[in-house]
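Please open the model in your viewer and display it as a cartoon, with side chains hidden for the moment. The tour below proceeds by selection, one stop after another.

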Amino acid sequence: TKPYLHDTEQNRIDFGAFNELHDQTAHALTSALAVRMADVDAVIINEQVASGIHHSPCFQELLQTLITEHPGSIFVLDSRHYSGRYAGTIRKLNEHEAARQCGSMRGDDEVILDAEARAAAQTLWQRWSRAVFVTRGARGCLAHDAAGLHEIPGLQLSGRVDPVGAGDSMLAGIAAALAAGRGARAAAELGNVAAGVTVQKLFQTGTASPGEILACARTHIAV
């Protein structure tokens, strides 16, 4: 659960913070995914807690093997602690995580300048040879692929916003577009609008329906 202090969300209370994944469970999880690989258009790898399943070296090795064995499949990684892991994935990072991957140890409360964010996106694209998405909150998103750097501006939203769930909505939009065969720019645009829908839903981890996404795009994007 997540407590609030007045209108500000605090750190969530995780009761599984000290769990350790058994190797047998790691094998069961990755085996179940391997069976389904022929039926899915994209796989999202979403890691947010240091003591979660990705803390297991066995699970990491098995998942990496699965990724390597399916070079034509789309794997999208959003990881707070293991962005440098899982070769062959498409990464989605926020600008502070991207800066840290490039050796700039910036705190989450420090401003990442535009030039620094662009440089990080380019460096990570060159390092990983896969599309990279660098989210920038209200300032939108950067995407880098073989076509170069794409800058997606943030939506100009009036009224109060709540960022809870915005990153997950961005991730879902990116993965959905990539699974449909669209490029990095279109994926970033869809993710950006999906996040724009959810941030307007206060005090909840909002969802974004297709209708809401279309309505938001019509209102905030010139087409």
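The stops that follow begin with the sheet, continue through its strands and helices, and end with individual residues. Please note that the model is a predicted one.

**The sheet**

Select the six strands of the open sheet, which follow the order E3-E4-E5-E6-E7-E8 with mixed pairing. The edges are formed by strand E3 (43-47) and strand E8 (148-152). Each of these two strands has a single partner strand, so one of its sides has no neighbour in the sheet. On average, neighbouring strands in this sheet are turned by 15° against each other, direction ignored.

**Strand E5 and its partners**

Next, select strand E5, residues 90-94. Is this strand mostly covered or mostly exposed? Strand E5 is mostly covered, with four of its five residues buried.

Add strand E4 (residues 75-79) to the selection; E4 and E5 run parallel and are joined by two bridges. Show Leu 77 together with Arg 91 of E5, for these two residues stand opposite each other.

Then add strand E6 (residues 132-135), which also runs parallel to E5 and is joined to E5 by four bridges. Here Leu 93 faces Val 134 of E6 as its opposite residue.

Continue to strand E7 (residues 141-145). E6 and E7 are joined by four bridges and run antiparallel. Val 134 reappears at this step, standing opposite Leu 142 of E7. As background for this stop, strands of a sheet pair through backbone hydrogen bonds, in either a parallel or an antiparallel manner.

**Helix H4 across the sheet**

Select helix H4, residues 114-128. This helix lies across E5, E6, E7 and E8, and runs at about 30° to E7.

**Two helix pairs**

Select helix H1 (residues 23-36) and helix H2 (residues 57-69). Their axes are 9 Å apart, and the helices pack at an angle of about 20°. H1 and H2 are therefore roughly parallel to each other, and their crossing is right-handed. To view the contact, show the H1 residues Asp 23, Ala 26, His 27, Leu 29, Thr 30, Leu 33 and Ala 34, with Cys 58, Phe 59, Leu 62, Leu 63 and Leu 66 on the H2 side.

Now move to helix H6 (residues 184-198) and helix H7 (residues 210-220). How do these two helices lie, roughly parallel or roughly perpendicular to each other? The axes of H6 and H7 come within 9 Å and cross at roughly 100°, and the two helices are therefore roughly perpendicular. On H6, the contact is made by Leu 190, Val 193, Ala 194, Gly 196 and Val 197; on H7, by Glu 212, Ile 213, Cys 216 and Ala 217.

**Glu 95**

Show the side chain of Glu 95, which lies in helix H3 (residues 95-101). Which side chain makes a polar contact with that of Glu 95? The partner is the side chain of Arg 139, at 2.9 Å. Glu 95 has a relative accessible area of 8%; because the cut-off for a buried residue is under 20%, Glu 95 counts as buried. Beyond residues up to four places away in sequence, Glu 95 touches Ile 112, Ala 117, Val 134, Thr 135, Arg 136 and Arg 139. Val 134 is thus both a contact of Glu 95 and the residue opposite Leu 93.

**The loop between E4 and E5**

Select Ser 83, located in the loop between E4 and E5. Its relative accessible area is 5%, and Ser 83 is buried. A polar atom of the Ser 83 side chain lies 2.7 Å from the backbone oxygen of Ser 79. Setting aside neighbours within four places in sequence, Ser 83 is in contact with Leu 77, Arg 91, Leu 93, Gln 101 and Trp 128.

Tyr 86 is placed in the loop between E4 and E5 as well. At 1% relative accessibility, Tyr 86 counts as buried. Inspect its backbone: phi of Tyr 86 is near 65°, a positive value in a residue other than glycine. Most residues other than glycine have a negative phi.

**Ser 129**

Finally, select Ser 129, in the loop between H4 and E6. Ser 129 also has a positive phi in a residue other than glycine, near 55°. Is Ser 129 buried or partly exposed? Ser 129 counts as partly exposed, at 45% relative accessibility.

Key:
Residues numbered from 1 in each chain as written. Predicted model: local features only at pLDDT ≥ 70, side-chain atom pairs only at ≥ 80, totals over all residues. Heavy atoms only, no water. Buried < 20%, exposed > 50% of the residue type's maximum accessible area, 1.4 Å probe, protein only. Polar contact = N/O pair within 3.5 Å; in protein donor to acceptor, adjacent residues only side chain to side chain. Contact = heavy atoms within 4.5 Å. Pairing = 2+ DSSP bridges. Axes fitted to C-alpha atoms, helices over the stretch in contact; angles between N-to-C directions. Parallel < 35°, antiparallel > 145°, perpendicular 65-115°, else oblique. Left-handed = near helix turned anticlockwise from the far one by under 90°.
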